[in-house]
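Please read the following explanation with the structure open beside the text. It proceeds from the overall fold to individual residues.

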Amino acid sequence: ANLTYAYHLQLTGTLNLSVGAAAGVTRIGLDINQLTLENPNDPALNNAIVSQVKPDLSLGVWLYGARFFAGASVQQILPQKLAFTSDPNYKTGKEVPHAFLTAGYKLYIDESITAIPSVMVKYVSPTPLSVDVNLKLGFKDRFWLGGSYRHNDSYSAMAGLNVSRLVNLTYSYDFTTSQLNKVSYGSHEIVLGLQLNNVYNVLSSMRMW
């Protein structure tokens, strides 16, 4: 669970900058009953810790205009050791920062429909770069549908609704296509957004970029 906040600053008449932060906690669990071990008495799981909570912090910047956006962010800034046993010989796991770069452009199909193609690059040391290609379709600033493809890894489907000038709701589902699909059945995400200090009184923040 994270609490997020972003501050928007108007740089020029057509260019804006947003700086945001997210802070909270992450729960990490291990279901030993779902593991198939070559050695049932594997010492790495002696005195196993099945659940643990870690602090989490993310920061990001977002530059946007009427037709484009670009951003950079880092998640899991706080380095955390990760272990599922109290045995000191098996405590080498850790969480590492995740770095993201993204950019996109808005196309007006007509007065009520917009298409926003975008790309996102992710880097987590020491793994290779990950690239997402995305497309979002917005309808009358009221709701939107989208899809995403991550090279050799997954597909995603998304939908969002701008309930009011204060509240918006988003749902997404991620389906894994890599070898991880043997142990992962996809993930669901629900986001409730609050547009505080909405000085432009817009129904959708997409209107601002």
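The paragraphs below describe the chain as a whole, then its loops, its aromatic rings, a pocket and some single residues.

The model discussed here is a predicted one. Its chain contains 0 helices and 14 strands. Followed along the sequence, the pattern is therefore written with β alone, as β-β-β-β-β-β-β-β-β-β-β-β-β-β. Taken along the principal axes, the box filled by the C-alpha atoms is roughly 65 × 30 × 30 Å. The chain has 209 residues, and 24% of them count as buried. Contacts can also be sorted by separation along the chain. Among those between residues at least 6 apart in sequence, 42% join residues at least 24 apart.

The loops between strands deserve attention next. Where does proline 126 lie? Its place is in the loop between S9 and S10. The peptide bond joining serine 125 to proline 126 is cis, with an omega of about 5°. Two other loops hold residues with a positive phi. Glutamine 76, although not a glycine, has a positive phi of about 50°. This glutamine is found between strand S4 (68-75) and strand S5 (80-82), in the loop there. Asparagine 152 is likewise not a glycine, and its positive phi is about 55°. The loop that holds asparagine 152 runs between strand S11 (143-150) and strand S12 (154-162). Is asparagine 152 buried or exposed? Its relative accessibility is 56%, and because a value over 50% is the criterion, asparagine 152 counts as exposed.

The second largest pocket draws on residues around some of these places. The space in this pocket amounts to about 210 Å³. Strand S9 (113-123) and strand S10 (130-139) are the elements that give two or more residues to its lining. Among the lining residues are Lys122, Tyr123 and Val124, as well as Leu129, Ser130 and Val131. Arg150, His151 and Asp153 also belong to the lining. By residue type, the lining divides into 5 nonpolar, 3 polar and 3 charged residues.

The aromatic side chains form another set of features. How many aromatic pairs does the structure hold? There are 3 aromatic pairs. One of them joins tryptophan 62 and phenylalanine 69, whose ring centres are 4.7 Å apart and whose planes form an angle of 15°. Because planes under 30 degrees apart count as stacked, this pair is a stacked one. Its two members are assigned to separate categories of accessibility. Tryptophan 62 counts as partly exposed, at 26% relative accessibility, whereas phenylalanine 69 is buried, at 7%.

Another stacked pair consists of phenylalanine 139 and phenylalanine 143, with 5.0 Å from centre to centre and 25° between the planes. Phenylalanine 139 has a relative accessible area of 23% and is partly exposed. Phenylalanine 143 is partly exposed as well, with a relative accessible area of 38%. A further ring takes part in an arrangement with a charged group. The charged end of lysine 136 sits over the ring of tryptophan 144, at 4.4 Å from the centre of that ring.

Lysine 136 appears again among the contacts of glycine 146, a residue in strand S11. Apart from neighbours within four places in sequence, glycine 146 is in contact with Leu135, Lys136, Ser156, Ala157 and Met158. Is glycine 146 buried or exposed? Glycine 146 is buried, because its relative accessible area of 17% is under 20%. Glycine 146 and isoleucine 116 are 30 residues apart in sequence, and 9.1 Å separates their C-alpha atoms in space.

Glutamine 80 offers a second example of a buried residue in a strand. This glutamine lies in strand S5, and its relative accessible area is 15%. Which residues does glutamine 80 touch, leaving aside its neighbours within four places in sequence? Its contacts are Lys54, Pro55, Lys94 and Glu95.

The last residue in this account belongs to a loop. Serine 164 is placed between S12 and strand S13 (167-176). With a relative accessible area of 27%, serine 164 is partly exposed. Its C-alpha atom is separated by 9.4 Å from that of glutamine 195, although the two residues are 31 residues apart along the chain.

Note on methods:
Residues are numbered from 1 along each chain as its sequence is written. This is a predicted model: local features need pLDDT of at least 70, side-chain atom pairs count only at pLDDT 80 or more; totals for chains, interfaces and linings use all residues. Side-chain values use heavy atoms; hydrogens and water are left out. On a 1 Å grid over the protein atoms alone, a cavity is a set of points where a 1.4 Å probe fits but cannot get out, and a pocket is an open set with protein on both sides within 12 Å along at least five of seven lines; lining residues have an atom within 4 Å of a point. Grid points are joined across faces, edges and corners, and a volume is the space filled by probe spheres set on the points. Helices (H or I, at least four residues) and strands (E, at least two) are DSSP runs, numbered from the N terminus. Ala, Val, Leu, Ile, Met, Phe, Trp, Tyr, Cys and Pro count as nonpolar, Asp, Glu, Lys and Arg as charged, and the others, Gly among them, as polar. Rings of Phe, Tyr and Trp (its six-membered ring) pair if their centres lie within 6.5 Å; planes under 30 degrees apart count as stacked, over 60 as edge-to-face and the rest as tilted. Buried means under 20% relative accessible area, exposed over 50%, partly exposed in between (1.4 Å probe, protein chains only). A charge sits over a ring if NZ of Lys or CZ of Arg is within 6 Å of the ring centre and within 35 degrees of the ring normal. Contact means heavy atoms within 4.5 Å.
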